[in-house]
Amino acid sequence: MIFAERMKRTGKFIASTELAVALFLVISLAAIPGTFSENRTIYSSPPFLLLLGLFGINLILCTLERFATISKPVLVLHSGVIVTLLGCILASFGFVSTVNMYEGTTVDHVYRWDRKMDVPLGADMALKKINWEFYPMPVKIGVLRGQNKEKLFELKTGQSFDFKEFRVAVGPVGFNSENLMLSIFEKGTFIGSFNTLSGSTDLPADFPYSFKLVAYKTPKLKRQWVELMLRDESGLVAEGTAEVNGPFQWRGLYFFNTQVERDPDGVPYAGIQIVQDPGRWLVFSGMVIVAVGAFMATFRRWYGFR
């Protein structure tokens with residue numbers, strides 16, 4: 001009898017609201033270090049997963065014990081939280097790996113942060129191209145004839161200006177703000193281009209003018225992405241583009257372009273992050289269910305949710 005009574009009290013405590021509040025507070029406090037730092041290992045650590053598991057068990061038992069009296073909105077909210085917690089636990093069995101690559105190079109190993117070592121990717125990954133897109137940049141372009149300054153034009157990249165019988169189109173800005181390509185047209189016909197950084201040109205030898213980038217404002221990055229290609233022993237497996245919020249997917253892996261930087265020699269390289277997250281869709285599904293439950297709880301008086 002005493003044992004049965006203790007088990008009954010233990011069961012009620014595990015299913016109690018007090019334990020749910022305490023677990024939620026502990027989980028929130030434990031998650032703070034990972035929120036303000038780049039170290040995410042705490043979320044896959046056994047103590048943190050144990051807390052999530054206990055919170056899920058508490059919520060399931062609480063729901064079952066009060067099933068007959070819980071309103072539909074609260075029941076939906078509980079279901080969404082349980083699905084989200086299950087997704088978080090499954091996510092701990094995934095991993096995050098990274099690699100830095102130059103344009104035109106290929107790798108077959110990546111660095112796994114949970115194991116702190118390089119591991120095989122399972123295919124050869126080639127970085128075909130690094131792409132940037134910037135917002136239009138204000139520039140001042142000077143037109144020269146020999147050493148004489150003919151005229152100064154103020155405009156934005158992507159626009160053009162007319163000078164005598166010529167029209168000069170300023171190309172979009174690239175990773176190097178000083179490297180602008182000018183396209184020159186005569187009476188609507190393209191006759192050549194001029195590089196503002198190197199001064200190189202393929203204009204006719206008798207073309208009387210040259211150009212100089214007099215001033216510019218640092219451009220703001222609008223978008224950056226990389227073109228990836230994966231191959232195994234059988235040949236091409238998959239190819240596509242990856243960016244910060246638009247991953248390329250292959251065999252349950254998500255490829256993100258997390259950064260583009262320059263090495264000491266000025267050569268750009270891209271940071272690629274490869275993520276395996278088996279609980280991804282459960283987490284998203286759970287959040288949707290929670291949102292539905294919150295909507296039902298907010299408008300239950302008007303829509304009759306009981």
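Okay, one definition before we start: when I say two strands pair, I mean that DSSP finds at least two bridges between them. Keep that in mind for β1 and β2, which run antiparallel and are joined by 2 bridges.

And to be clear from the outset, this is a predicted model.

So, the overall picture. We've got 6 helices and 15 strands in this protein. The radius of gyration is 30 Å, whereas the globule rule gives 19 Å for 306 residues, so the protein is more spread out than a compact globule. If you put a box around the C-alpha atoms along the principal axes, you get roughly 105 × 55 × 35 Å. Buried residues account for 35% of the 306. On the surface side, about 19000 Å² is exposed, and 59% of that comes from carbon and sulfur atoms. As for contacts, take those between residues at least 6 apart in sequence: 49% of them join residues at least 24 apart.

Let's go to the sheet with β1 in it. Here 8 strands make an open, antiparallel sheet, and the order is β12-β11-β3-β2-β1-β15-β14-β13. The edges are β12, residues 235-243, and β13, and each of those pairs on one side only. From one strand to the next, the twist averages 35°.

Now zoom in on β1, residues 95-102. Which residues sit on its covered face, and which on the uncovered one? The covered face is Phe95, Ser97, Val99 and Met101. Val96, Thr98, Asn100 and Tyr102 make up the uncovered one.

On one side, β1 pairs with β15, residues 268-276, through 8 antiparallel bridges. If you want to find the register on screen, look for tyrosine 102, whose bridge partner in β15 is tyrosine 269. Asparagine 100 gives you another marker, standing opposite glycine 271 in β15.

Then there's β2, residues 106-112, the strand I opened with. Serine 97 has arginine 112 of β2 as its bridge partner. The two strands, β1 and β2, form a hairpin with 3 residues between them. In that turn, glycine 104 has a positive phi of about 90°.

While we're on this sheet, have a look at the loop between β13, residues 248-250, and β14, residues 253-262, where you'll find arginine 251. What is its phi? For arginine 251 the value is near 50°, so we have a positive phi in a residue other than glycine. As background, most residues other than glycine have a negative phi. Arginine 251 has a relative accessible area of 57%, and the cut-off for exposed is over 50%, so arginine 251 counts as exposed.

Next, the other sheet I wanted to show. It's open and antiparallel too, with 4 strands in the order β6-β7-β8-β9. Why is one side of β6 and of β9 left without a neighbour in the sheet? Because β6, at 160-163, and β9, at 189-195, stand at the edges, each with a single partner strand. The strand-to-strand twist averages 25° here.

Starting at the β6 end, 4 bridges join β6 to β7, residues 166-170, and the two run antiparallel. Phenylalanine 161 has valine 168 in β7 as its bridge partner. The loop between β6 and β7 holds lysine 164. Lysine 164 is another residue other than glycine with a positive phi, near 55°. Its relative accessibility is 57%, so lysine 164 is exposed.

At the other end, β8, residues 181-186, is joined to β9 by 6 bridges, again antiparallel. Serine 183 has serine 193 of β9 as its bridge partner. These strands, β8 and β9, form a hairpin too, with 2 residues between them. Lysine 187 sits in that turn, with a positive phi of about 55°.

Last stop, a helix. α3 covers residues 46-65, so to speak 20 residues in all, and its first and last C-alpha atoms are 28 Å apart. That's close to the 28 Å expected at 1.5 Å a residue.

Which residues of α3 are buried? They're Phe48, Leu49, Leu51, Leu52, Phe55, Gly56, Asn58, Leu59, Cys62 and Thr63. When you look down the helix, it helps to remember that an α-helix has 3.6 residues a turn, so residues three or four places apart point the same way.

That's what I had.

Technical notes
Residues are numbered from 1 along each chain as its sequence is written. This is a predicted model: local features need pLDDT of at least 70, side-chain atom pairs count only at pLDDT 80 or more; totals for chains, interfaces and linings use all residues. Side-chain values use heavy atoms; hydrogens and water are left out. The expected span of a helix is 1.5 Å times one less than its number of residues. Buried means under 20% relative accessible area, exposed over 50%, partly exposed in between (1.4 Å probe, protein chains only). Axes are lines fitted to C-alpha atoms, for helices over the stretch in contact, and angles run from 0 to 180 degrees between N-to-C directions. The radius of gyration is taken over C-alpha atoms; the globule rule is 2.2 Å times the number of residues to the power 0.38. Contact means heavy atoms within 4.5 Å. Accessible areas come from the Shrake-Rupley method with a 1.4 Å probe; for residues, only the protein chains shown count as cover.
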